[in-house]
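Colleague: I am new to this structure, so please take me slowly through one part, the pairing of the strands and what surrounds them. Explain each term as you reach it.

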Amino acid sequence: MVKHIILWTLNPELTAGEKAEVKKEIKEGLEGLLGQVPGLVSIKVNVDGRLDSSNCDVMLDSTLESAEALKAYASHPAHVAVADTKVRPYTVQRVCLDYEE
C-alpha cells in the first residue's frame, strides 16, 4: 500500500466565507473520487478542527494499492478535473509526502 498525503495552504486573499466554501468543494470533490479511480483504497480530506499552531489549511490523506496506482491516480481524468477546478485555483502552496506502508 502507498500513502499519499498532501497539505495545502489556501490563498490568503480569500475571505473566511470563501475559504469555507473552497474547503467544502475540495473535500467533496476529492472524496468523491473513491470508486471512480482504480487502485484508490481510501481518501479523506480534513478541513475542520484546524488549530492555531497549524501552518496549512487542508489535508488529504489517501491510500492507494501501489506506486503504479498512485501514478495512474495523478493522471486520471476525474482527479485532474477536481485538481484543476477545485484545488489549484485557490491554493498557494502544496506539500506532498508519499510512502509505502
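**The sheet and its surroundings**

Modeller: Strands E1 and E4 run antiparallel and are joined by nine bridges, where strands (E, at least two residues) and helices (H or I, at least four) are DSSP runs numbered from the N terminus, and two strands count as paired if DSSP finds at least two bridges between them. Please keep in mind that this is a predicted model, in which local features need pLDDT of at least 70 and side-chain atom pairs count only at pLDDT 80 or more, while totals for chains, interfaces and linings use all residues. Residues are numbered from 1 along each chain as its sequence is written, and side-chain values use heavy atoms, with hydrogens and water left out.

Within the pairing of E1 and E4, Leu7 has Val95 of E4 as its bridge partner, and Val2 is bridged to Glu100 of E4. Val2 also has a bridge partner in E3, namely Leu64, and Trp8 is bridged to Val58 of E3; in total, seven bridges join E1 to E3, again in the antiparallel sense. E3 in turn pairs with E2 over six antiparallel bridges, including the one between Lys44 and Asp61 of E3.

Put together, the four strands form an open sheet in the order E2-E3-E1-E4, with antiparallel pairing. E2 and E4 (91-100) stand at the edges with a single partner strand each, so one side of each has no neighbour in the sheet. From one strand to the next, the twist averages 15 degrees, taken from axes fitted to C-alpha atoms, with angles running from 0 to 180 degrees between N-to-C directions.

How many residues of E1 are buried? Eight of its nine residues are, which leaves E1 mostly covered; buried means under 20% relative accessible area, exposed over 50%, and partly exposed in between, with a 1.4 Å probe and protein chains only. E3 is largely enclosed by the rest of the structure, because five of its seven residues are buried. Ser62 is found in E3, and it counts as buried because its relative accessibility is 0%. Leaving aside residues up to four places away in sequence, Ser62 touches Val2, Lys3, His4, Ile5, Leu40, Ser42 and Ile43, a contact being heavy atoms within 4.5 Å.

The sheet also takes part in the largest nonpolar core, which has 23 residues, with Ile26, Leu30, Leu33, Leu60 and Tyr73 having the most contacts inside it. Strands E1 (2-10), E2 (40-46) and E3 (58-64) and helices H1 (16-31), H2 (67-75) and H3 (77-87) each supply at least two residues of this core, and its largest share, four residues, comes from E1. Such a core is a set of buried Ala, Val, Leu, Ile, Met, Phe, Trp, Tyr and Cys residues joined through side-chain atoms within 4.5 Å. Beyond four places in sequence, Tyr73 touches His4, Leu30, Leu33, Val37, Leu40, Ile43, Leu60, Leu64 and His79.
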